[in-house]
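Student: I am new to this structure and would like to take a close look at a single part of it. Could you walk me through how the helices pack there, and then set that part in its surroundings?

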Amino acid sequence: MILVTGGAGFIGSNLADELLKQGHSVKVLDNLTTGRMENLSNATKSGKFKFYKGDLRDFDTKILKDVEIIFHLAAQIDVRKSVENPVYDMDINIKGSINLIQQAINSNVKKIIYSSSGGAIYGEPTILPADENTNIKPVSPYGASKFAVECYLHTFSKIYGLKYTAMRYGNVYGRRQDPLGEAGVIAIFFGRLSQNKIPVIFGDGTQTRDYVSVDDVVKANIAAIDKLKKYNEYNVGTGKETSVNELVSVMEKIFSKKIIPIYEKERPGEVKRIYLDIKRLQNELNFMPDDIETGMKKVYEWMKDR
Ligand SMILES: NC(=O)c1ccc[n+]([C@@H]2O[C@H](COP(=O)([O-])OP(=O)(O)OC[C@H]3O[C@@H](n4cnc5c(N)ncnc54)[C@H](O)[C@@H]3O)[C@@H](O)[C@H]2O)c1
């Protein structure tokens, strides 16, 4: 039995669908702050699926009965919110995670596969791409809280022998990402363009990220159940950097029209350049991530079919 926390969200619901497709029994714990039941409309049709509405910080621990593996995705994911209200960010991301880990140990859960953030924990590294040994120097409370949980997982693994893997994602994009959310520039741009609105760029658009498709993130997570064994931390990205201005160029091709974005003042807490070295993942897995154009075309097709 597998538990996916945050399974009603963007990445978690894609993961739950794939786990069910592969024959696993799946439970989801989610408080539906940003997640939506609509994301689980396929999953709820399965006899092997159960949804529990609850909060990481205070959930009914009976749901951990028979759970062997936890994919821990539930989090507050908004970098700007973490800058405005770091205590709130800490409360959900750190306190909520510690509660989950502690209860998991009490219930003899075998392994936790944690969604961390390669885009946020390394901060502004001097050497790029950032590999897993890069110094951890987050520039946002969100980056700090995501890494703090890795530290607790390590600590609990030493004290109780808990097994864990931290998957450090780049910027994930794909089906079900909220176009009205505060994070996920690709979804936000697609959302605006499909309503004939102009995309807004914060800063000059030269900031770069490692954009990785949700399908690739799901593949890497599922491999962490039993294939990725050598390390506790894996970057999950493409190994390539793309600027926000380049994203706009790809969108011009996809929408076959000229796009002139609005530029606004950059936001605090955002890093200028980041992309991830993914050799560790590639050496253990035949991991061939989608390039940005292929991945964005898939999102476009999904949006058209909705
Ligand atoms: N999207 C990205 O680019 C990205 C990058 C790096 C890491 N991550 C990590 O991946 C995970 C999933 O992110 P996402 O993009 O799918 O975000 P999301 O907001 O779509 O999903 C998060 C889910 O957690 C739930 N949740 C929030 N607080 C909760 C709480 N206290 N108790 C129970 N449920 C709660 C939300 O309702 C939502 O369904 C997060 O841990 C995030 O930090 C995401």
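Student: In which hand, left-handed or right-handed, does helix 6 pass helix 8 in their crossing?

Tutor: Helix 6 passes helix 8 in a right-handed crossing, and I should say at once that the model we are looking at is a predicted one. Helix 6 covers residues 185-194 and helix 8 covers residues 244-255, and their axes come within 11 Å and cross at roughly 40°. An angle from 65 to 115 degrees would count as roughly perpendicular and one under 35 degrees as roughly parallel, and helix 6 and helix 8 are therefore oblique to each other. If you look at the residues that meet, helix 6 brings Val 185, Ile 186, Phe 189 and Leu 193, while helix 8 brings Val 244, Leu 247, Met 251 and Phe 255. Sorted by class, this contact between helix 6 and helix 8 has eight nonpolar residues, with no polar and no charged ones.

Helix 6 also packs against helix 10, which spans residues 292-305, and here the angle is about 45° with the axes 11 Å apart. That angle makes helix 6 oblique to helix 10, and the crossing of these two helices is right-handed. On the side of helix 6 the residues are Ile 186, Phe 190 and Ser 194, and in helix 10 they meet Met 296, Val 299 and Met 303. The contact of helix 6 with helix 10 divides into five nonpolar residues, one polar residue and no charged residue. Ile 186 is worth finding in the view, since it takes part in the contact with helix 8 and also in the contact with helix 10.

To place this part in its surroundings, we can turn to the domains. The domain assignment of the protein gives domain 1 as 2-172 + 212-236 and domain 2 as 175-208 + 240-276 + 290-305, and the centres of the two, taken over C-alpha atoms, are separated by 24 Å. Where they touch, domain 1 contributes 27 residues and domain 2 contributes 20 residues. On the side of domain 1 that touches domain 2, the elements giving two or more residues are helix 1 (10-21), helix 2 (79-84), helix 4 (118-121) and helix 7 (214-226), and the largest share, five residues, comes from helix 2. By class, the residues on that side of domain 1 divide into 10 nonpolar, 12 polar and five charged.

Two of those elements, helix 1 and helix 7, also pack against each other, with axes that come within 9 Å and cross at roughly 60°. That makes helix 1 oblique to helix 7, and their crossing is right-handed. From helix 1 come Phe 10, Ile 11, Asn 14, Leu 15, Glu 18 and Leu 19, which meet Val 214, Val 217, Val 218, Asn 221 and Ile 222 in helix 7. By class, the contact of helix 1 with helix 7 has eight nonpolar, two polar and one charged residues.

Helix 1 leads us on to the ligand, which is surrounded by 30 residues, the closest being Gly 6, Gly 9, Gly 35, Ala 74 and Ala 75. Elements that give two or more residues to the shell around the ligand are helix 1, helix 3 (86-106), strand 5 (111-117) and strand 7 (171-173). The largest share of that shell, three residues, comes from helix 1. Taken by class, the shell has 12 nonpolar, 14 polar and four charged residues.

Finally, two details of the backbone can be found in loops. A cis peptide bond, with omega about 0°, joins Leu 128 and Pro 129, and Pro 129 is found in the loop between helix 4 and helix 5 (141-160). Leu 32, although it is not a glycine, has a positive phi of about 60°, and this residue lies in the loop between strand 2 (26-30) and strand 3 (49-53).

Methods
Residues are numbered from 1 along each chain as its sequence is written. This is a predicted model: local features need pLDDT of at least 70, side-chain atom pairs count only at pLDDT 80 or more; totals for chains, interfaces and linings use all residues. Domain bounds come from an automatic or database domain assignment. Two residues are in contact if their C-beta atoms, placed from the backbone, lie within 7 Å. Helices (H or I, at least four residues) and strands (E, at least two) are DSSP runs, numbered from the N terminus. Ala, Val, Leu, Ile, Met, Phe, Trp, Tyr, Cys and Pro count as nonpolar, Asp, Glu, Lys and Arg as charged, and the others, Gly among them, as polar. Axes are lines fitted to C-alpha atoms, for helices over the stretch in contact, and angles run from 0 to 180 degrees between N-to-C directions. Angles under 35 degrees count as roughly parallel, over 145 as roughly antiparallel, 65 to 115 as roughly perpendicular and the rest as oblique. A crossing is left-handed if the near helix is turned anticlockwise from the far one by less than a right angle, and right-handed if clockwise. A residue is near a molecule or strand if its C-beta atom, placed from the backbone, lies within 6 Å of it.
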